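This report describes a single chain, working outward from a few loop residues to the whole fold. The sequence and structure come next.

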Amino acid sequence: MEDAGTTVTPPPGSAVVGPASGARCLHRVARERDAGPGWWRSAPIDEGVRLRAMAAADRRAGLRERALRNALPDARVVDVVGDHWTDLPGDVPGPDDEAATLDALAGGAALVWGAALPADPASGRRGLRCALAAVPEGGYAPVLVVNHKVVDPARGRSAPARVTRLLDWNPAPDPTLRLRRHPGDLDRLAHAWRLLEVLGHAAPRPVGAVLGLGSGRSVVHDLEPVLPAAEANHATRLAVVRGELGTAPSRIGECRTCPWWEGWTDHGMPVAGCRDRLAAADDVSLVVGGGQVGPLREAGIRTVARLAAAPLGSGAERPPGWNGEPFADAVLRARAYREGLVVVPKVARPSIARADVEVDVDLESHLDDGAYLWGTLLTVRDGGDSWEEGYRAFLTWEPLPDTDEGRAFAEFWRWLTGVRDGAREAGRTFRAYCYSRSAENAWMLSSAARFGPEGTVAVVEGVPSVREVRDFVGSAQWVDVHEAVRTQFVSTAGMGLKVVAPVAGFAWRDPDAGGEASLGWYRDACAARGEERDADRARILAYNEDDVRATRAVREWIDRQGR
């Protein structure tokens, strides 16, 4: 982010900033400030963001009910604001909720659900909603309810996560779990703890907890180490809101879902997007990552044209402070951008491992609930009467999480390893392919851990052990097509399958196809009835089939590029 541009000073005492801005581009904070209250009512909402928010609301409701059922019978539970557990963007607590929260804290409640902490104008902190748990030493710890994993299985010598029951605060290490630290969670917890401190109800030591996926109890975070960084981030955001720090647009990852990127029309009046401004300026951030923009600008390279003019080969010198990809890749991307190209090779002869018998794999999951569909596409090069080529799906429509997920995975694994073993017996080579192995690997390993011979959820017949899965995903028979693209090409629009496959000549049948859209289709496929349900299920299957066919199209395109 570049400090530049016009500053705007809000009325004295009115400038407060919430933790929701913690991970945001500073220019976004400035634009929301300038737009005034209620700007979001006319702004477009990214479909993936909307669907994830809906899923998060469902998750909060379910976790709340479970927590209340497990509550100690003699504990005093104050339900202040119904189903609201934590703050939502743009959600400002009402005065009645804040008064009820303060009364509950003064009365010594053991737990306050959906507490509404009031804003503190002196420090410029906006109020927020969260749960508050009493600690034995006195005071309260803020608690967030989230819809993502908060722990991972313990590995090696990693420090164990500390967990506690909210109504009986007594953090203790769980040797089976290791902590996941989400910056956004820590930012909100630090913000809430400071608000509690102002009220005189904070725990003696900075501490908070998160109730999410992976643990039946709340996971405790020591906030002491993160407070300095949180304070610095808060001060910076507050300076922007108060008009003391100017900002200018610069493309970062957040732009993909930000309404200010494209702009929109508000009651017939256009709201300018940041992308058009950057394109008009030929800004160098259009072709490099956010962390690389600073070193380029410091070296005087502020435009795509200037970067494209940099020498390649032996004469190329990367700017001081450059990190990440090779500087030559950035130069090549800038040149491709100026020529209107999307994906171009950076090696003379791209290649990818092939086999006689090939299987393309793509899974569909619903958030962190589970993997409900394993799609496969079998291709036998040079034919063979004993092979039934084509698309197959192994799936469950039981609402996740459910042990039927294990049954679907067992059928997939049995079929995949059967094809592999059959190829070996026939004297043929075998390889399976995916596009970006991180998701497939994670869900295969998770399925084995939960439903395998030593399953933590259930033992499902046919599900392999974790070791079997590790042996397979670590072998040369499991090929990541995305890795082959990433290491041999550069792209001006990302390396995702939806970007690369069209360059390879593939087109999805559904114009709305995408991982985020499939979240909504899955919700409807589980909730609807009759023809509507069947249509949503058919749509998901067609989308998954197109994904595996797209994966095959990309690897065959790579193969042709190298000839």
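In this predicted model, L367 sits in the loop that connects β13 (357–366) with β14. Its phi is near 50 degrees, a positive value in a residue other than glycine. L367 is buried, because its relative accessible area of 15% is under the 20% cut-off.

A second residue with a positive phi is S436, at about 75 degrees, and S436 is not a glycine either. S436 belongs to the loop between β16 (430–434) and α12 (437–451). With a relative accessibility of 26%, S436 counts as partly exposed. The table sets out the two residues.

| Residue | Phi | Loop | Relative accessible area |
|---|---|---|---|
| L367 | near 50 degrees | between β13 and β14 | 15% |
| S436 | about 75 degrees | between β16 and α12 | 26% |

Strand β14 covers residues 370–380, and G370 is part of this strand. How buried is G370, in terms of relative accessible area? The value for G370 is 0%, and the residue is buried. Apart from neighbours within four places in sequence, the residues in contact with G370 are S365, L400, E405 and W443. One of these contacts, L400, is 30 residues away from G370 along the chain, yet the C-alpha atoms of the two are separated by 6.2 Å.

L400 also takes part in a cis peptide bond, the one leading to P401, with omega near 0 degrees. P401 is placed in the loop that runs between β15 (390–395) and α11 (404–425).

The next topic is the interior. The largest nonpolar core has 44 residues. Within this core, the residues with the most contacts are V112, L117, C130, L132, L166, W169 and L196. Helix α4 (residues 183–199) contributes the most to the core, giving seven residues. In soluble globular proteins, nonpolar side chains tend to be buried together.

L132 can serve as an example of the packing. Which residues does L132 touch, if those up to four places away in sequence are not counted? They are T101, L105, A110, L111, V112, A115, L117, Y140, A141, P142 and L196. V112, L117 and L196, like L132, are named among the residues with the most contacts inside the core.

The structure also holds three cavities of 30 Å³ or more. The second largest cavity has about 120 Å³ of space. It is lined by 13 residues, and those closest to its centre are C25, R28, C255, C258 and C274. Three elements each give two or more residues to this lining: α1 (26–35), α6 (259–262) and α7 (274–281). Of the elements, α1 gives the most, with three residues. Sorted by class, the lining of the second largest cavity consists of eight nonpolar, two polar and three charged residues.

Some totals describe the chain as a whole. The chain has 563 residues, of which 49% count as buried. Its secondary structure comprises 17 helices and 18 strands. What share of the contacts between residues at least 6 apart in sequence joins residues at least 24 apart? That share is 68%. The pair G370 and L400, 30 residues apart along the chain and in contact, is an example. The accessible surface of the chain comes to about 26,200 Å², and carbon and sulfur atoms account for 50% of this area.

Key: Residues are numbered from 1 along each chain as its sequence is written. This is a predicted model: local features need pLDDT of at least 70, side-chain atom pairs count only at pLDDT 80 or more; totals for chains, interfaces and linings use all residues. Side-chain values use heavy atoms; hydrogens and water are left out. On a 1 Å grid over the protein atoms alone, a cavity is a set of points where a 1.4 Å probe fits but cannot get out, and a pocket is an open set with protein on both sides within 12 Å along at least five of seven lines; lining residues have an atom within 4 Å of a point. Grid points are joined across faces, edges and corners, and a volume is the space filled by probe spheres set on the points. Helices (H or I, at least four residues) and strands (E, at least two) are DSSP runs, numbered from the N terminus. Ala, Val, Leu, Ile, Met, Phe, Trp, Tyr, Cys and Pro count as nonpolar, Asp, Glu, Lys and Arg as charged, and the others, Gly among them, as polar. Buried means under 20% relative accessible area, exposed over 50%, partly exposed in between (1.4 Å probe, protein chains only). Contact means heavy atoms within 4.5 Å. Accessible areas come from the Shrake-Rupley method with a 1.4 Å probe; for residues, only the protein chains shown count as cover. A nonpolar core is a set of buried Ala, Val, Leu, Ile, Met, Phe, Trp, Tyr and Cys residues joined through side-chain atoms within 4.5 Å.
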